[in-house]
Amino acid sequence: MDDLKSVYRKALPARIAALEAACDAIGRDRGAALRGIAHSLRGSGATYGFPEVTAAAAAVEDAPVSALRSRADDLIGVLREVAGMPDVGIPAPRVLLVDDDAEIRLMVTHLLASAGYRVTEASDAASAVAAMEAHPDIVLMDVQLGADDGVETAAALFRASAGPAPRLIFLTGAVRAEDFERMNAAAPAGIIHKPFDPESFLSLFERLLSIER
């Protein structure tokens with residue numbers, strides 16, 4: 001059995017790399033690749049003597065899309081521990097991106113993920129509230145959220161937060177003074193105006209948060 005465990009451990013770095021790549025694809029394939037890898041690990045973990053791998057992989061495979069990134073990070077942590085890999089340091093901040101425009105979500109997710117942020121997407125108020133179980137550090141909230149109101153949704157998210165309140169940034173194409181009064185009343189870290197320049201988005205995002213990276 002010890003020989004089998006050794007073989008399994010040696011294969012884990014490649015599985016970790018595959019999981020990390022699959023995490024970057026969540027916005028495009030809704031987690032299909034990630035669930036496929038988790039399914040394989042769910043079956044192999046306990047077989048090779050690592051029930052903790054099976055448990056963490058099952059949590060990924062059974063998770064809603066809103067919680068996939070968080071559960072995948074937990075699974076990667078378990079695999080690193082089993083493989084004896086060094087601690088990678090403080091995890092990158094989690095961002096909950098709430099926008100009803102799929103193209104905006106795709107672009108912003110790509111920009112943030114390329115900079116190392118862990119991004120969970122939501123397209124409406126209900127999915128945003130559900131995504132709070134991923135415990136985001138930052139909420140990037142569209143104000144004109146289809147049938148929902150982004151300012152009211154932000155307030156609902158803060159009520160749903162089980163831990164420290166996340167930082168809030170609004171995305172908006174609004175121009176009316178009353179809209180800005182409502183946003184400012186929510187005490188956001190800042191407001192990013194639409195349309196925005198993709199090349200300067202990240203520097204503006206981090207300047208608003210005063211994040212040193």
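This passage describes strand 6 and its two partner strands in a predicted model, followed by the surroundings of D142 in strand 3.

Strand 6 comprises residues 167-172. Five of these six residues are buried, so the strand is largely enclosed by the rest of the structure. Strand 6 pairs with strand 3, which covers residues 138-142, in a parallel arrangement held by five bridges. Within this pairing, V139 lies opposite L168 of strand 6. Strand 6 also pairs with strand 7, made up of residues 190-193; these two strands are likewise parallel and are joined by four bridges. Here L171 is placed opposite I192 of strand 7. The connection from strand 6 to strand 7 passes through helix 9 (residues 177-185), forming a β-α-β crossover that is right-handed.

D142 belongs to strand 3, the strand that is joined to strand 6 by five bridges. The relative accessibility of D142 is 2%; because buried residues are those under 20%, D142 is classed as buried. Two polar contacts of the D142 side chain were identified. One, at 3.5 Å, is made to the backbone nitrogen of Q144. The other links the side chain of D142 to that of K194 at 3.1 Å.

When neighbours within four places in sequence are set aside, the residues in contact with D142 are V98, D99, D100, G150, L171 and K194. Among them, L171 is the residue that stands opposite I192 in the pairing with strand 7, and K194 is the partner in the side-chain polar contact of 3.1 Å.

Notes
Residues numbered from 1 in each chain as written. Predicted model: local features only at pLDDT ≥ 70, side-chain atom pairs only at ≥ 80, totals over all residues. Heavy atoms only, no water. Buried < 20%, exposed > 50% of the residue type's maximum accessible area, 1.4 Å probe, protein only. Pairing = 2+ DSSP bridges. Right-handed = clockwise from strand over helix to strand, strands pointing away. Polar contact = N/O pair within 3.5 Å; in protein donor to acceptor, adjacent residues only side chain to side chain. Contact = heavy atoms within 4.5 Å.
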